[in-house]
Amino acid sequence: MSPSVPLQEMIRAIRSARTQCEERGVIQRECATIRAQFRQADNEGRSHNLAKLLYVHMLGYPAHFGQMECVRMIASPRYSEKRVGYLGAMMLLDEKQDASLLITNSIKNDLANSNQYVQSLALCTLACMGSAEMCRDLAPEINRLLRASNSYIKKKAALCAVHIVRKVQDLGELFAPSARCLLTEKNHGVLHGAVVLITELCECNPESLERFRKTVPDLVQIMKGLVISGYSPDHDVAGISDPFLQVRILRLLRILGHNNEAASDAMNDLLAQVATNTDSTKTVGNAVLYETVLTVLDIKSESGLRVLAVNILGRFLLNNDRNIRLVVSQNILTSAATTQKQRISLCIQLYFSFPIPPSRALELSLALVSASNIRSMMKELLSFLSSCPPELRSQTASGIFIAAERYAPSQRWHIDTILHVLTTAGGDVRDETVPNLIQLITNTSELHCYTVHKLYRALHNDISQQPLVQVACWCIGEYGDLLLRGECQEMEPVQVTEDDVLDVLEAVLQSHMSSPSTRGFALTATMKLSTRITENVDRIRSIVSIYGSCIDVELQQRAVEYNALFKKYDHMRAAVLERMPVIEKNSQGHTNGDSTGETIKENLAVKVKQAEPQQAANQVCDLLDLLGGSEPPLQSSPALGSTAPLPVGTAGTAGGDLLDLLGGLEPTAIMPVSVYDKDGVTVTLSCEKQSDSGLSITLTASNSTDSDIRGFTLQAAVPKSVQLHMKAPSGDSLPARGAAKVTQMVVLNNPNKVVNLKMRLRISYTSQGSAVQDTVQVDSFPGLGH
Amino acid sequence: MRFLLLFSRQGKLRLQKWFTPLTDREKKKVIRDMMMLVLARPARSCNFLQWRDLKIVYKRWYASLYFCAGLEDHDNELLALEVLHRYVELLDKYFGNVCELDIIFNFEKAYFILDEFLMEGEILETSKVAVGVSLEEADTLQEGEAKEAWRPLSAGAC
């Protein structure tokens with residue numbers, strides 16, 4: 001077909017415009033010409049002008065003045081003019097325009113034209129922009145064409161009918177019988193149109209669906225012909241015969257076989273054949289296989305077929321082609337398997353079916369967890385945890401924790417889930433699990449009784465899983481009284497005697513499987529029980545004193561201090577060993593569980609829980625520090641706690657970090673500054689910057705008088721936004737004449753970078769029988785550069 | 001399929017086919033969004049993305065042209081890639097080694113070809129040969145008219 005010279009000249013002119021302004025100028029001039037020429041009645045170049053206008057329209061310029069010209073061109077007897085006119089109608093008119101109604105008559109006439117190409121123009125335009133009114137008007141004509149015309153028109157009429165049905169659902173009834181007949185045609189275009197039409201009819205009308213079930217054998221026949229038949233050059237795409245038609249038939253079969261045994265049976269063999277025979281090396285083959293799998297999963301297919309489908313899915317997930325991996329993992333697992341159970345069992349099937357890697361199955365399972373399926377999903381995840389390869393256990397455990405925290409339907413369920421993980425894969429959980437769980441338990445006060453009972457039982461069975469043992473010891477120490485009381489609302493009561501509890505704790509202490517920090521937990525728990533039990537306090541005393549000569553320095557130190565609690569500070573013991581208060585949670589970056597962008601997999605890297613450091617302002621709290629210091633990072637400084645990208649191989653325990661912080665700081669070479677000097681008592685201060693906002697201060701006190709000073713304490717206060725943490729002092733007595741000093745460390749965190757940091761110190765002591773108290777303000781800190 | 005767009009790397013629209021009624025404003029918005037999304041994609045990413053409630057399939061062609069189709073939920077994306085590929089083949093066969101300039105200067109023919117291949121967002125003809133034949137015959141019909149117009153005014157001329 002020879003190109004339109006005027007059109008091409010205009011296009012060239014527009015393209016050669018160097019600026020937007022120039023372009024607009026050219027277009028304005030052209031449009032003016034076109035408008036003028038439209039006004040002329042008889043014009044040879046009408047189609048050229050309209051074509052020009054359509055080009056301008058595609059560039060984004062207004063072209064509505066061409067609408068009437070389209071109407072006129074459509075009414076022309078000349079094919080070339082009709083062709084451009086109809087194209088114009090499709091581009092410039094839509095059902096909302098009034099002008100569109102004006103072409104209804106032309107369309108009607110053209111549908112009856114003797115030339116099939118004219119008919120085709122009308123059909124195409126009607127399918128593109130036909131309004132509901134036009135559709136109603138012309139439906140009978142379309143139906144006529146569906147039955148009595150050549151293949152070329154039939155296929156176009158079929159899709160035009162699809163448009164009509166989408167616009168006016170009631171008209172579906174009209175086309176149903178014709179659609180049925182079309183299935184007997186040989187022409188692929190017609191068959192395809194017929195399948196699409198039948199699909200549309202079934203989707204909008206359940207009655208039609210019932211009736212069209214009878215077509216299943218015909219569809220199976222057609223499909224078989226495509227799959228088995230030899231090479232057909234007309235329809236072949238990379239060795240597959242008419243994949244477009246195959247996919248549409250598969251989709252229709254899916255609709256017809258859904259929830260219907262008979263129909264599903266009838267298509268079973270065919271689906272198996274397609275699944276096994278289709279070549280999956282190219283995209284086109286995979287497109288057909290993908291549709292097949294969707295169908296198999298959605299109908300009542302027999303188990304052999306389902307296994308086949310799952311295997312195909314597995315292969316897809318390993319395919320080199322990114323497209324296939326994406327399509328399958330997104331679509332199939334979230335939409336095709338519609339019920340929760342199906343989806344979950346699909347995940348597990350995928351894991352067990354060769355050769356999908358379990359990490360992929362885990363990833364997918366975690367991506368599918370939601371508030372609605374959390375219970376059933378967690379069951380599967382927990383069973384996966386017990387059977388998965390060891391290198392995945394840590395990741396699985398982390399994923400489970402995150403999922404549990406996000407979607408836990410109840411606190412009891414949450415605690416149960418975590419306990420289950422600790423008993424199954426305790427050795428593989430990350431270290432921050434222990435304090436996190438302790439925090440969770442503390443904050444769930446209604447369940448203290450239940451939790452301690454459960455933990456006691458778990459501990460009784462197995463003392464090898466360190467995280468579990470640590471949590472259990474801590475709980476028994478805290479809530480031992482609830483345990484001994486025997487009754488518990490949530491569980492059947494079990495009689496636990498004090499001796500039983502102490503036996504278990506002693507077993508942990510003595511076991512070679514217990515790590516040093518676990519032993520620390522156990523010892524502390526034993527100590528705490530001394531205020532919660534009534535009869536066996538002596539036993540506790542003896543346990544504690546034994547460890548006073550333990551080789552492990554940490555344990556020895558604790559034991560010695562606890563001994564001191566028994567002897568010298570017995571009056572304070574009850575207060576010191578009181579129940580822990582509810583811990584403030586300060587977790588980072590919690591997203592709304594509904595946000596679709598976040599998956600649990602992403603969150604695996606993010607979790608950091610920081611506890612607010614507590615204001616330690618007196619002796620009691622100092623000691624509490626000591627007791628609490630075995631549970632990192634509840635009271636750690638905020639400088640602690642970085643994220644690890646993957647839970648594999650976290651270096652050291654958080655407790656180790658804490659100890660580092662405590663022990664690893666040497667006083668700097670910077671000269672300490674005296675901040676208080678009165679009556680022979682001096683306090684000096686030296687400080688060292690730990691991080692961008694962290695500062696550690698060492699206060700040293702000495703006594704140059706002739707009499708000893710007892711009960712020496714320091715208290716500190718800082719501006720509101722600054723966090724303060726006082727470590728235990730080295731002692732509380734200052735012997736005379738500077739024989740020994742008392743040092744105390746204070747850690748400050750200044751996240752808001754408060755300038756002119758100040759600290760107020762209160763000094764109290766007893767000297768020669770009288771109490772002295774004094775306050776001093778520290779305005780500048782040596783070594784704190786600006 | 002809801003729409004099919006063809007645009008250049010520089011953001012110039014070369015073809016737009018809409019299979020659902022939208023206002024001009026809505027169409028412009030879709031075009032802007034598609035260009036923004038597709039042109040920003042890195043070289044070896046996959047051909048699918050999600051936009052509103054539609055699945056978007058796009059295919060880069062000759063380094064400077066992008067085909068972009070908006071699919072509904074139940075449409076098979078992998079097959080859509082084949083549909084785009086088929087359209088390119090049809091263009092190629094018609095123009096003979098087609099390039100972007102062919103589509104610019106003969107845009108109305110690109111539409112005619114599309115209208116023989118797709119209709120109402122569905123495939124109309126699955127055979128390449130059949131599409132080629134109907135295009136040829138339609139063109140012949142058009143040529144015949146043009147020739148007729150130049151026939152001397154004798155019996156039968158319009």
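Trainee: What makes residues of chain A and chain B count as being in contact, and how many does each chain give?

Mentor: Contact requires heavy atoms within 4.5 Å; the contact takes 68 residues from chain A and 60 residues from chain B. The model is predicted, so local features need pLDDT of at least 70 and side-chain atom pairs pLDDT 80 or more, whereas totals for chains, interfaces and linings use all residues. Side-chain values use heavy atoms, without hydrogens and water.

Trainee: Why is the pair A:Arg248 and B:Glu122 called a salt bridge?

Mentor: The definition asks for a side-chain nitrogen of Lys or Arg within 4 Å of a carboxyl oxygen of Asp or Glu. The closest N and O atoms of A:Arg248 and B:Glu122 are 2.5 Å apart, so the pair qualifies. A:Arg248 lies in helix α15 of chain A and B:Glu122 in strand β7 of chain B, so the pair joins two chains. (Helices, H or I with at least four residues, and strands, E with at least two, are DSSP runs numbered from the N terminus.)

Trainee: Why is B:Asp33 called buried, and how is its partner B:Lys29 classed?

Mentor: Buried means under 20% relative accessible area, exposed over 50%, and partly exposed in between (1.4 Å probe, protein chains only). B:Asp33 has 11% and therefore counts as buried, while B:Lys29, at 34%, is partly exposed. Their salt bridge has its closest N and O atoms 2.8 Å apart.

Trainee: What makes A:Arg737 exposed?

Mentor: Its relative accessible area is 59%, so A:Arg737 is exposed. A:Asp706, its salt-bridge partner at 3.0 Å, is likewise exposed, at 60%.

Conventions:
Residues are numbered from 1 along each chain as its sequence is written. Chains are lettered from A and ligands numbered from 1 in the order in which they are written.
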